[in-house]
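Hi,

Here is the structure I promised to pass on. Have a look at it first, and my notes follow underneath.

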Amino acid sequence: GDIMKINRDPVAEITPEIIRRDHEFWSRYSSRLIGDWITYDTTVKQIADFVDKVNIQHDLSDFKGNRAFMRDESAQKSFSKLRTAIAGLYAWRLGLLNQTPTPTDYLPRSADYQQRLIKEADFAYRQAFAYCPYSPEVVYRYVQFLAAFHRYDDARIVAETCYKLDPNNEGVANMVRELQAPQTSAAPPQSNGAAEAALAQLEKAVHDNPTNLQAATALAQAYFQLQQGTKCMEVLDAIMSNTNADGAALSNVVAIYYSMRNFQKLEEAFKRLVQVSSDVPENWYNLASLESALGQGPDAIKDLRRALEENARRLARDPRAPNLRLKFATDQNFAPITNQPEFQALISAPK
């Protein structure tokens, strides 16, 4: 159905029958929302074209779904969230949700089972994206899923489509820039020998002087570019645990974990960052934004409140400084908590 089933006993494997029932249910349900036109063969580009026509141009001439659904923002977000949750269940079984590690007992034990999960997770994410292409939750999760399989062109299409609908969302804007970076980078490629020599030099610099945070950051970036995720995380964790790490070093850790789409570690990095740069309102704001996307409503509101307090102090010192109060009420990253009384209280608080 549209809500996941809780079983009394652990389910060792999501069987083909379970997948078939889920697929057929949501295909039928989709016909009531936007039309039953998304299949395994529907491309991300085709969904983006649909969004451009229906959500941006408001051209419903060929629309086969419920027009009332297209006018109901709450319904779009709700059904997208439900479908994203099921896609996330498939992704979790694949071991792709870094913020929620998967015990080895639940990982695929055969290539066929793995491929079934990949195929169905992709299908579910595509439906969720079509239902609400401006939802930060589905966009971030689907981009993370696509990046895991090096489908960067598709990931870029998803992010850019969301940005068209929410151009003031800095988180989405950053994601678009990062996904565009590999194509726009003008850095000349190194030969394997040169790359290995540069990496060895960085490794030696960090080994000889563990307090050299600049070298450690460069080493982490090198590991990330070489797709050596485990080594990259080891270096990043060492930077976070270093008592001498300042705001600049920890901001670099945040940036790399964001690029890795490892949101559990990203949250840890943000929490460490606000410890050493507690007077920077953007740090608290970004932490709250992430917590909101991860479903941590109370923490998100608490840290957003702190962000606004630091924002007020900064404005008192410098009236020309950026004012976060002008953006948070309409920031889609806080959509999951917008209706909370505490969030509304922050909106109505004296400016």
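**What I found**

Let me start with Arg20, which at 37% relative accessibility counts as partly exposed. Please keep in mind throughout that this is a predicted model.

**Salt bridges at the start of the chain and beyond**

The side chain of Arg20 meets that of Glu17 in a salt bridge, with 2.4 Å from N to O. Glu17 is also partly exposed, at 35% relative accessibility. Both residues sit in helix H1, 3 residues apart, which means about one helical turn separates them. In general, an α-helix has 3.6 residues a turn, so residues three or four places apart point the same way. The pair is also part of something wider: Glu17, Arg20, Arg21 and Glu24 are linked in a network of salt bridges.

The count for the whole model comes to 24 salt bridges. Two others caught my eye. One joins the side chains of Asp62 and Lys53, at 2.8 Å from N to O. Lys53 is partly exposed, with a relative accessible area of 25%.

The other is between Glu170 and Lys327, where the closest N and O atoms are 3.1 Å apart. Glu170 belongs to helix H8 (residues 170–184), while Lys327 is in the loop between helix H15 (297–317) and helix H16 (341–348), so this salt bridge ties together parts that are 157 residues apart in sequence. Glu170 counts as partly exposed, at 48% relative accessibility.

**Helix H13 and a buried glutamate**

Next, have a look at Glu267, which is in helix H13 (residues 263–276). Is Glu267 buried or exposed? Its relative accessibility is 11%, and the cut-off for buried is under 20%, so Glu267 counts as buried. Leaving aside neighbours within four places in sequence, Glu267 is in contact with Leu287, Leu290, Glu291, Leu294 and Gln296.

Glu267 has company in H13: the buried residues there also include Phe263, Lys265, Leu266, Ala269, Phe270, Arg272, Leu273 and Val274. What covers the buried residues of H13 includes H6, helix H11 (229–241), helix H12 (247–260) and H14. As for its length, H13 has 14 residues, which at 1.5 Å a residue should span 20 Å, and the end C-alpha atoms are indeed 20 Å apart.

**Helix H15 and the loop before H14**

H15 has 21 residues and reaches 30 Å from its first C-alpha to its last, close to the 30 Å expected at 1.5 Å a residue. Its buried residues are Gly297, Ala300, Ile301, Asp303, Leu304, Ala307, Leu308, Glu310, Asn311, Arg314 and Leu315. Those buried residues pack against helix H14 (281–293) and H16.

In the loop between H13 and H14 you will find Val280, which is partly exposed with a relative accessible area of 30%. Val280 and Arg313 are 33 residues apart in sequence, and their C-alpha atoms are 9.9 Å apart in space.

**A pocket and a cavity**

The second largest pocket has a volume of about 770 Å³. It is lined by 23 residues, and the closest to its centre are Met4, Lys5, Asn7, Ile14 and Leu89. Helix H1 (16–33), helix H4 (73–93) and helix H6 (136–148) are the elements that give two or more residues to the lining of this pocket. Which of them gives the largest share of the lining? That is H4, with 7 residues. By class, the lining of this pocket divides into 13 nonpolar, 3 polar and 7 charged residues.

There is also an enclosed space to look at. The count comes to 1 cavity of 30 Å³ or more, and the largest cavity has a volume of about 30 Å³. Its lining is made up of Ala91, Leu96, Leu97, Tyr125, Arg141, Gln144 and Phe145. H6 gives the most to this lining, with 3 residues. By class, the cavity lining has 5 nonpolar, 1 polar and 1 charged residues.

**Where to look again**

If you only have a few minutes, I would open the view on Glu267, buried in the model at 11% relative accessibility, and then on the salt bridge between Glu170 and Lys327.

Cheers

Technical notes. Residues numbered from 1 in each chain as written. Predicted model: local features only at pLDDT ≥ 70, side-chain atom pairs only at ≥ 80, totals over all residues. Heavy atoms only, no water. 1 Å grid on protein atoms, 1.4 Å probe; cavity = no way out; pocket = protein on both sides within 12 Å on 5 of 7 lines; lining within 4 Å. Points joined across faces, edges and corners; volume = space filled by probe spheres on them. Helix = DSSP H or I, 4+ residues; strand = E, 2+ residues; numbered from the N terminus. Nonpolar A, V, L, I, M, F, W, Y, C, P; charged D, E, K, R; others polar. Buried < 20%, exposed > 50% of the residue type's maximum accessible area, 1.4 Å probe, protein only. Contact = heavy atoms within 4.5 Å. Salt bridge = Lys/Arg side-chain N within 4 Å of Asp/Glu carboxyl O. Expected span 1.5 Å × (residues − 1).
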